[in-house]
Amino acid sequence: MHIVVLTGGIGGARFLRGVRAYAREVGAEVTAVVNVGDDLLLHGLKVCPDLDSVMYTLGGGADPERGWGRVGETWTVKAELAAYGAEPTWFGLGDKDIATHLVRTTMLNGGYPLSAVTEALATRWEPGVRMLPATDDRLETHVVVDGEQGQRAIHFQEWWVRYRADIPTHRFVFVGAETAKPAPGVLEAIGSADVVLIAPSNPVVSIAPVLAVPGLRQAVADGPAPVVGVSPIIGGAPVRGMADRCLDVLGVECSAAGVGRLYGGRRAGGLLDGWLVAPEDEGVAVPEVTVRSAPLLMTDETATAAMVRAALELV
Ligand code: GDP
Ligand code: CA
């Protein structure tokens with residue numbers, strides 16, 4: 001059995017721990033197709049927040065409280081950069097984390113594609129799932145906001161981290177998406193999957209940029225494998241983070257039904273065969289989609305593996 005998971009960072013990484021636990025039980029293979037829209041260059045270093053969240057979480061090196069970055073992190077370099085007044089000061093890189101970005105940047109500068117770099121980094125962390133960036137090409141989520149002279153576009157990270165998604169916002173643009181190609185292995189993984197799971201990741205800025213890679217959305221929608229999504233929204237609110245702000249920008253209701261309809265039913269031109277919602281949201285309807293409820297709080301690996309089982313039982 002081959003399980004493919006479309007995923008963002010923290011929420012997706014936690015979900016993947018449950019997928020891995022389930023897969024170990026039944027002897028399945030797991031491929032994670034990870035968002036790269038959050039990636040950015042900082043102080044000359046290539047930073048891939050979602051790939052790193054997945055890698056550190058599955059590799060046992062993530063900070064469980066913060067959710068992102070390394071456990072036992074120190075911040076000497078950050079303080080030194082601040083002493084120079086080096087911008088941007090709103091994005092903190094930890095000392096341990098910087099080693100990852102140094103290795104990654106060196107390899108990229110040496111001509112290796114991101115997918116090969118990711119595989120190389122994973123030999124240390126042994127995440128137990130195959131991690132593939134959605135694309136090796138540049139694909140960056142930018143956000144069109146109100147500026148002093150009309151509208152301007154800023155990088156997603158500036159919108160999210162610096163402004164806490166709390167400025168007048170018009171839309172999201174996936175810069176580079178038109179010409180991006182799926183990373184090697186992505187279409188093959190989707191084509192050979194027995195099931196495709198959409199993690200309870202942010203639908204607007206984690207899953208949408210993955211699907212924006214030309215050919216990827218179609219491979220999922222037209223593929224042989226059933227597709228099941230897991231709701232990141234419980235009882236009308238995101239479990240963590242600011243997905244409500246992102247959905248607002250799209251004019252989509254922040255609810256399990258709203259996100260389910262945003263993905264849409266496969267038989268109605270969308271993506272989903274199944275949609276797993278929380279017990280609080282039991283009874284929501286998404287046209288042409290089988291909706292079931294199960295506890296969706298990823299409190300620990302066992303609870304999350306049970307979620308995965310419920311998702312797979314849907315199809
Ligand atoms: P990011 O890239 O680090 O922002 O992480 P993701 O996009 O992968 O995940 C963020 C989403 O995970 C948020 O919209 C949360 O609502 C969702 N999330 C976080 N924890 C849980 C949980 O325990 N259960 C569910 N259902 N969703 C969760
Ligand atoms: Ca992210």
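Which glycine follows H10, and is its phi positive or negative? In this predicted model, the residue is glycine 251. Its phi is positive, near 75°.

Helix H10 itself spans residues 243–250. Ala243, Cys246 and Leu247 are buried within this helix. Viewed down the axis of H10, the buried residues fall within an arc of 95°, so they line one face of the helix. The packing partners of these buried residues include three helices: H6 (156–162), H8 (203–211) and H11 (256–263). Strands E8 (169–175), E11 (233–234) and E12 (237–238) also pack against the buried residues of H10.

Cys246 also enters the analysis of cysteine pairing. The structure holds zero disulfides. For cysteine 48, the closest cysteine sulfur is that of cysteine 246. The separation is 20 Å, too far for a bond. Cysteine 254 is likewise in no disulfide. Its nearest cysteine sulfur, again in cysteine 246, is 9.8 Å away; a disulfide requires sulfur atoms within 2.5 Å. Cysteine 48 counts as buried, at 0% relative accessibility. Cysteine 254 is buried too, with a relative accessible area of 18%.

A calcium ion (ligand 2) has protein donors from Asp38 and Asp50. The donor atoms are OD atoms, lying 2.1 to 2.7 Å from the ion. Asp50 appears twice among the donors. Aspartate 38 lies in the loop between strand E2 (29–34) and strand E3 (40–42), and aspartate 50 in helix H2 (residues 49–58), so the pair ties together parts that are twelve residues apart in sequence. Both aspartate 38 and aspartate 50 are buried.

Note on methods: Residues numbered from 1 in each chain as written. Chains lettered and ligands numbered in written order. Predicted model: local features only at pLDDT ≥ 70, side-chain atom pairs only at ≥ 80, totals over all residues. Heavy atoms only, no water. Buried < 20%, exposed > 50% of the residue type's maximum accessible area, 1.4 Å probe, protein only. Helix = DSSP H or I, 4+ residues; strand = E, 2+ residues; numbered from the N terminus. Arc of directions from axis to C-beta. Contact = heavy atoms within 4.5 Å. Donors = N, O, S within 2.8 Å, 3.2 Å for Na, K, Ca; no water.
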